[in-house]
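These are my notes from a first reading of the structure. I set down each point as I looked it up.

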Amino acid sequence: MKIHQKYILRCLELGKKGLGSTAPNPMVGCVIVHNDKIIGEGFTSPYGGPHAEVNALNSVQDRSLLSKATLYVSLEPCAHYGKTPPCANLIAEYRIPKVVIGIEDPHEKVAGKGIGIIKEAGSEVIVGVLAEACRQHHKRFLCHHEKKRPYIILKWAETQDGFMAPENEKRESDPTPFWITNELSRQLVHKWRSEEQAILVGTQTVLKDNPKLSTRHWVGKSPIRVVLDKDLKVPRDFSVFDSSVKTLVLTQISNTSAYLDHIDYEIVDFSKPIASQLCDILYARNITSLIVEGGRHTLQTFIDDGLWDEARIFRGSHSFQKGLAAPNLDGKLISEQTISSDMLSIYVPN
């Protein structure tokens, strides 16, 4: 392995430590090397805190070595003032002779400007080391800035014979939830929730299951709950309206007297494509990733409109013979994993 690749891989390894906490900032990793020895490293702090480069520079005990060191970073250092000052300016001040960058930052306030600042300070800059791996790592951030929408993950569970839920008669006779997947798979779903900014469900899913949509089976921040509720049918005492997590309701009802004070509302036109309107709303709110958990109609809407980036599908060991059929998905299978009695398949668009 080439030396630059070795340290960019370490940057990606570090950056993963910020998954679920840095958004809408990217989860960047940074490594500082002198004489083939790491003298400093860091990753992006939770949103509002120092970026990876700052944390890496602050970890260096002997600052005199920086004038002879190489700085590695998975994404171009920022060049604008946000919650923190520009990282590119700080790197320039230390006059680090060589800076190796995974990929350029597509953010309109950066987009090559950070590289320009570092070059003007006299540093040699190398860009594009392990570019594809860096793009995969920063997929949420890149999707937000390049496609102007959140990175969208579809998730559902289906039986061996392709059903998401039993027929209505069975649900009415036994209203308790019937779990298609095992406990390990359900815990994994809660881990996924902790990694993304928002989670979406439709009206029927809320009415039938009264879900909390939280990370109660995993340590981590619960995502923002987004509920499609065209006519505000969901009762006010349902779990999605508790005060534990921020909730956004998409509705056609404009009468604010029907609103709850602690809930956010957005008006959408349900006679037009919903998925694209939702993407615009979440983009405007600076939300970079979304898990769509159902139900079938909601999932199929995103599939039919081509607005998805991953589909994570569990297949349990049960069969229903009759019931609510799983969505129709045409995608490329990229991985399969056995989780006890379940099979997890992950697809991406063709």
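How many bridges join S6 to strand S12? I began here, keeping in mind that the model is predicted. I counted four bridges between S6 and S12 (residues 289–294), and the two strands run parallel. Within this pairing, I found Ile 153 matched with Ile 291 in S12.

**Entry: the other neighbour of S6.** I next looked up strand S13 (residues 310–315), which pairs with S6 over six bridges, again in the parallel sense. Glu 158 has Arg 315 of S13 as its bridge partner.

**Entry: burial of S6.** I then asked how many residues of S6 (residues 151–158) are buried. The strand is mostly covered, with eight of its eight residues buried. In a regular strand, side chains alternate between the two faces of the sheet. I noted that Tyr 151, Ile 153, Lys 155 and Ala 157 point one way, while Ile 152, Leu 154, Trp 156 and Glu 158 point the other way. Members of both sets are buried.

**Entry: the nine-stranded sheet.** I traced the open sheet that holds S6 and read its order as S11-S10-S9-S8-S12-S6-S13-S16-S15, with mixed pairing. Strand S11 (264–267) and strand S15 (331–339) stand at the edges with a single partner strand each, so one side of each has no neighbour in the sheet. On average, neighbouring strands here are turned by 20° against each other, direction ignored. At the S15 edge, I found eight bridges to strand S16 (residues 342–349), in the antiparallel sense. Lys 332 stands opposite Val 348 of S16.

**Entry: helices on this sheet.** I recorded that helix H8 (residues 183–195) packs on the sheet and touches S6, strand S8 (198–201), S12, S13, S15 and S16. The direction of H8 makes about 160° with that of S13. H10 lies across several strands, including S6, S8 and S12, and runs at about 140° to S10. I listed the buried residues of H10 (residues 274–284) as Ile 274, Ala 275, Gln 277, Leu 278, Cys 279, Ile 281 and Leu 282. After H10 comes Asn 286, for which I noted a positive phi near 65°.

**Entry: the five-stranded sheet.** I turned to another open sheet, of five strands in the order S2-S1-S3-S4-S5, with mixed pairing. Its edge strands are S2 (37–43) and S5 (124–127), each pairing on one side only. Neighbouring strands are turned by 15° against each other on average, direction ignored. Six bridges pair strand S1 (residues 29–34) with S2 in the antiparallel sense, and Ile 32 has Gly 40 of S2 as its bridge partner. Helix H1 (residues 3–15) packs on this sheet, touching S1, S2, S3, S4 and S5, and its direction makes about 140° with that of S1.

**Entry: a helix pair.** How do H3 and H4 lie to each other, and at roughly what angle do their axes cross? The axes of H3 (residues 87–94) and H4 (residues 113–120) come within 8 Å and cross at roughly 15°. Because angles under 35 degrees count as roughly parallel, I entered the two helices as roughly parallel. Ala 88, Asn 89, Ile 91 and Ala 92 of H3 meet Gly 114, Ile 117 and Ile 118 of H4. I classed the residues of this contact as five nonpolar, two polar and no charged.

**Entry: one loop residue.** Is His 138, in the loop between helix H5 (131–137) and helix H6 (139–146), buried or exposed? I found His 138 buried, with a relative accessible area of 2%. Leaving aside residues up to four places away in sequence, His 138 touches Pro 26, Met 27, Val 28, Ser 74, Leu 75 and Ile 103.

Note on methods
Residues numbered from 1 in each chain as written. Predicted model: local features only at pLDDT ≥ 70, side-chain atom pairs only at ≥ 80, totals over all residues. Heavy atoms only, no water. Buried < 20%, exposed > 50% of the residue type's maximum accessible area, 1.4 Å probe, protein only. Contact = heavy atoms within 4.5 Å. Pairing = 2+ DSSP bridges. Axes fitted to C-alpha atoms, helices over the stretch in contact; angles between N-to-C directions. Parallel < 35°, antiparallel > 145°, perpendicular 65-115°, else oblique. Nonpolar A, V, L, I, M, F, W, Y, C, P; charged D, E, K, R; others polar.
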